[in-house]
Amino acid sequence: DNVEFNLFNRTTLFVCCFKYSTCLQYFLNGHYYLKSKTGIIYETYCDMTTDGGGWTLVASVHENNMHGKCTVGDRWTSQQGCSSVFPDGDGNWVNKVTFGNVEGATGDDYKNPGYYDIQAQDLSVWHVPNLVLMENWKKSAIARYHTNSKFFPRYGGNLHGLFQHFPLKYKGGVCKTDNGPSIPIVFEKGDAKNFKEMYGPETYGETEPGYVTFRVFNFEQAALAICSGVKMIGCNSEHVCFGGTGFFPEGSPKQCGEIAGWDWSGYGTHDRWSATKTITESTVLLFYR
Ligand code: G3P
Ligand code: CA
Ligand code: CA
């Protein structure tokens with residue numbers, strides 16, 4: 001009867017659509033349902049055209065207010081103020097807390113179970129202007145690049161594992177001896193040199209283009225999560241890298257927050273230590289394959 005029919009259809013739907021744990025098996029760009037190893041079903045976006053496809057969106061880092069210094073919305077640093085009382089910040093790089101939604105990923109922070117569940121080989125990064133709609137992410141991105149050296153298995157299989165190996169902790173190490181790995185990248189949109197020059201002119205002497213770098217300390221021993229597009233050769237990393245601990249001593253609390261050191265010489269001015277307005281007002285989307 002009808003009930004059985006509905007049950008049958010539901011089972012079929014369940015089997016057909018929720019069985020994969022990464023985007024590897026799909027064909028078209030867009031949103032899909034995935035199932036984690038523990039059986040949690042979640043929605044995400046798959047990029048099926050970059051370098052053969054198979055890229056799963058696992059997180060986005062969004063700055064909601066440059067004037068809020070480690071306040072509400074600063075999930076990738078600290079929402080509890082800029083203080084050495086919270087040397088690990090909110091800890092979202094290493095925990096299994098999830099937040100946000102896929103369609104809202106350029107309007108607020110996003111993290112799905114894939115972040116810790118998918119055993120990945122490579123990372124892909126898009127910088128997409130804030131509030132751009134999902135269907136336009138790819139064409140509107142100001143830059144898109146990925147690694148291709150299959151580096152993740154050496155560092156715990158994904159960002160969740162990598163940051164267990166390289167903890168984000170204020171005073172957990174010093175610049176530059178304790179900085180984490182720099183992995184070479186290939187750009188699909190944009191190029192390494194132009195991208196590096198989106199950060200403040202004073203940072204040009206402190207970065208080398210063509211890498212993505214993890215767990216970097218600055219002069220004051222704050223730890224930053226990711227330096228996008230560059231390797232740090234200097235220690236004013238707060239003007240280049242994003243995410244990290246809950247305490248940034250220099251000018252406290254001025255540098256605290258997801259990208260809060262990026263406006264050190266004015267908001268979006270691209271003067272001295274400040275990044276361009278374009279990159280300042282873009283969300284970072286993180287994909288695994
Ligand atoms: O990170 C830059 C800071 O350490 C020095 O800033 O403005 O005194 O050159 P400033
Ligand atoms: Ca945020
Ligand atoms: Ca500094």
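**Strands, a long loop region and a ligand shell: a short presentation**

Good morning. I begin with one pair of residues: F217 stands opposite A223, which belongs to strand β11. The model in which this pair is found is a predicted one. The pair belongs to the ladder between strand β10, residues 211–217, and strand β11, residues 223–227. Four bridges hold this ladder, and the two strands run in the antiparallel sense.

Let me set this in the wider fold. The protein contains six helices and 14 strands. Its radius of gyration is 19 Å, close to the 19 Å that the globule rule gives for 289 residues, so the protein is as compact as a globular protein of that length. The box filled by the C-alpha atoms, taken along the principal axes, is roughly 70 × 40 × 35 Å. Of the 289 residues, 47% count as buried. Contacts can also be sorted by sequence separation. Among those with a separation of 6 or more, 62% are between residues 24 or more positions apart.

I return now to the sheet. Which strands form it, and in what order? Four strands make an open sheet in the order β7-β10-β11-β13, with antiparallel pairing. At its edges are β7, residues 182–184, and β13, each of which pairs on one side only. From one strand to the next, the twist averages 15°. As a general reminder, strands of a sheet pair through backbone hydrogen bonds, either parallel or antiparallel.

A further set of pairings involves strand β6. Strands β5 and β6 run antiparallel and are joined by four bridges. Within this pairing, H127 has A143 of β6 as its bridge partner. Strand β6 is also joined to strand β8, residues 186–189, by three bridges, again in the antiparallel sense. There, Y145 stands opposite F187 of β8.

How do the side chains of β6 divide? From this strand, residues 143–146, A143 and Y145 point one way, while R144 and H146 point the other way. All of these residues are buried. In a regular strand, side chains alternate between the two faces of the sheet.

The next topic is the loop between β13, residues 242–244, and α6, residues 277–280, where Q255 has its place. Is Q255 buried or exposed? Q255 counts as buried because it has 27 C-beta neighbours inside 10 Å, and 20 or more is the requirement. Leaving aside neighbours within four places in sequence, Q255 is in contact with E238, F248, E250, A260 and G261. For a sense of distance, the C-alpha atoms of Q255 and Y204, 51 residues apart along the chain, are separated by 19 Å.

F248, one of these contacts of Q255, is also found in the loop between β13 and α6. With 28 C-beta neighbours inside 10 Å, F248 counts as buried. Not counting residues up to four places away in sequence, F248 touches C82, E220, A222, E238, Q255, C256 and G261. By contrast, F248 and G156 are 27 Å apart from C-alpha to C-alpha, and 92 residues apart in sequence.

Two backbone features lie in this loop as well. P253 is located there, and the peptide bond from S252 to P253 is cis, with omega near 5°. H270 is also placed in the loop; its phi is near 55°, a positive value in a residue other than glycine. H270 counts as partly exposed, with 18 C-beta neighbours inside 10 Å.

Comparable features occur elsewhere in the chain. The peptide bond from C175 to K176 is cis, with omega near -5°, and K176 has its place in the loop between α4, residues 159–165, and β7. L131 has a positive phi of about 75° although it is not a glycine. This residue lies in the loop between β5, residues 123–129, and α3, residues 137–140. L131 is exposed, since 12 other C-beta atoms lie within 10 Å, and the exposed class covers 12 or fewer.

I close with the ligand. Which residues surround ligand 1? They are N236, H239, E250, W264 and W273. The shell divides into two nonpolar residues, two polar residues and one charged residue. E250 has already been mentioned among the contacts of Q255, and here it appears again among the residues around ligand 1.

Thank you for your attention.

Note on methods:
Residues are numbered from 1 along each chain as its sequence is written. Chains are lettered from A and ligands numbered from 1 in the order in which they are written. This is a predicted model: local features need pLDDT of at least 70, side-chain atom pairs count only at pLDDT 80 or more; totals for chains, interfaces and linings use all residues. A residue is near a molecule or strand if its C-beta atom, placed from the backbone, lies within 6 Å of it. Ala, Val, Leu, Ile, Met, Phe, Trp, Tyr, Cys and Pro count as nonpolar, Asp, Glu, Lys and Arg as charged, and the others, Gly among them, as polar. The radius of gyration is taken over C-alpha atoms; the globule rule is 2.2 Å times the number of residues to the power 0.38. Two residues are in contact if their C-beta atoms, placed from the backbone, lie within 7 Å. Two strands pair if DSSP finds at least two bridges between them. Axes are lines fitted to C-alpha atoms, for helices over the stretch in contact, and angles run from 0 to 180 degrees between N-to-C directions.
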